[in-house]
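Q: Please take a close look at the metal site in this model. Which residues hold the metal, and what surrounds them?

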Amino acid sequence: MEPALKKLFAQNRKWSQSIKDEDPEFLEKLSHQQKPEYLWIGCSDSRVPANQIIGLMPGEVFVHRNIANMVIHTDLNCLSVIQYAVEVLNVEHILVCGHYGCGGVKAALESKEHGLIDNWLRHIKDVYRFNRNKLDKINSQNERFDMMCRLNVVEQVRNLCNASIILNAWRQKKKLSVHGIIYSLKDGHLENLNISVSSLSEAKRKKMI
Ligand code: CO
């Protein structure tokens, strides 16, 4: 086996053994069903791994990741994850997690061409356009970048609130909250953006729908 893969398999056996040492039945029990309480929608960035950041074991968080943690109305991949999480797994919390220093957000702020990915980044450029007045007032480039990372999370939470799956869940009075949070690569801390929504009336009151 190639050394790069061999290392992974060796680490995998070590990991599974450490889980068994802690609780011999953990993996066996988990193999029968998953019952996560959370759905995480985050960036694909290798520095932002869902389970580790929030200290959750396998089985505790359902995860969808893409470039710049986007919730796009026509993205069947993301929508399918959301539907399964809400309707089958009955998760009670959906966390949209952005992060400072996001390469996707940065690329969307530039005018350089990046190829196919530009079509994906288009959606983040829209976030800039929606918030142009607020953003253009910020002189510091770093602060503007940080603000864009936060505003992108807000926009994706808004998209989530407007997804038919979420609207239907709230209409059915299902217990379901959506949250916007952001992660700092520098200190490993999560910050709550305080834009949580738990019902249709709250979504309307907070102008998310
Ligand atoms: Co990112």
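A: What follows starts at the metal site and works outward. The model is predicted.

The metal is a cobalt ion, and its protein donors are Cys 43 (SG), His 99 (NE2) and Cys 102 (SG). These donors lie 2.0 to 2.3 Å from the cobalt ion. Along the chain, their spacing reads C-x55-H-x2-C.

Two of these donors can be placed by accessibility. His 99 has a relative accessibility of 1%, so it counts as buried. Cys 102 is also buried, because its relative accessible area is 2%, and the cut-off for that term is under 20%.

Now the strands. Strand 1 covers residues 38-43. Five of its six residues are buried, so strand 1 is largely enclosed by the rest of the structure. Strand 1 has parallel pairings with two strands, strand 2 and strand 3. With strand 2 (61-66), the pairing runs over six bridges. Here Gly 42 has Arg 65 of strand 2 as its bridge partner. With strand 3 (93-99), the pairing runs over five bridges. There, Tyr 38 stands opposite His 93.

Next comes Asn 69. This residue sits in the loop between strand 2 and helix 4. Its relative accessibility is 2%, so Asn 69 counts as buried. Leaving aside neighbours within four places in sequence, its contacts include two of the cobalt donors, Cys 43 and His 99. Ile 41 and Gly 42 are also among its contacts. So are Val 96, Cys 97 and Gly 98. Asn 152, Val 153 and Gln 156 complete the list.

Further out is helix 9, residues 164-171. Its buried residues are Ile 165, Ile 166, Leu 167, Ala 169 and Trp 170. They pack against strand 3 and strand 4 (177-183). They also pack against helix 4 (76-88), helix 8 (141-161) and helix 10 (200-205). Strand 3 is thus a link in this account: it pairs with strand 1, and the buried residues of helix 9 pack against it. After helix 9 comes Lys 173, with a positive phi near 60°.

Last, the whole chain. The domain assignment gives domain 1 (1-32) and domain 2 (34-205). The C-alpha centres of the two domains are 30 Å apart. By residue number, the cobalt donors Cys 43, His 99 and Cys 102 fall in domain 2.

Notes
Residues are numbered from 1 along each chain as its sequence is written. This is a predicted model: local features need pLDDT of at least 70, side-chain atom pairs count only at pLDDT 80 or more; totals for chains, interfaces and linings use all residues. Side-chain values use heavy atoms; hydrogens and water are left out. Buried means under 20% relative accessible area, exposed over 50%, partly exposed in between (1.4 Å probe, protein chains only). Helices (H or I, at least four residues) and strands (E, at least two) are DSSP runs, numbered from the N terminus. Contact means heavy atoms within 4.5 Å. Domain bounds come from an automatic or database domain assignment. Two strands pair if DSSP finds at least two bridges between them. Donors are N, O and S atoms within 2.8 Å of the metal (3.2 Å for Na, K and Ca); water is not among the atoms, so sites may look incomplete.
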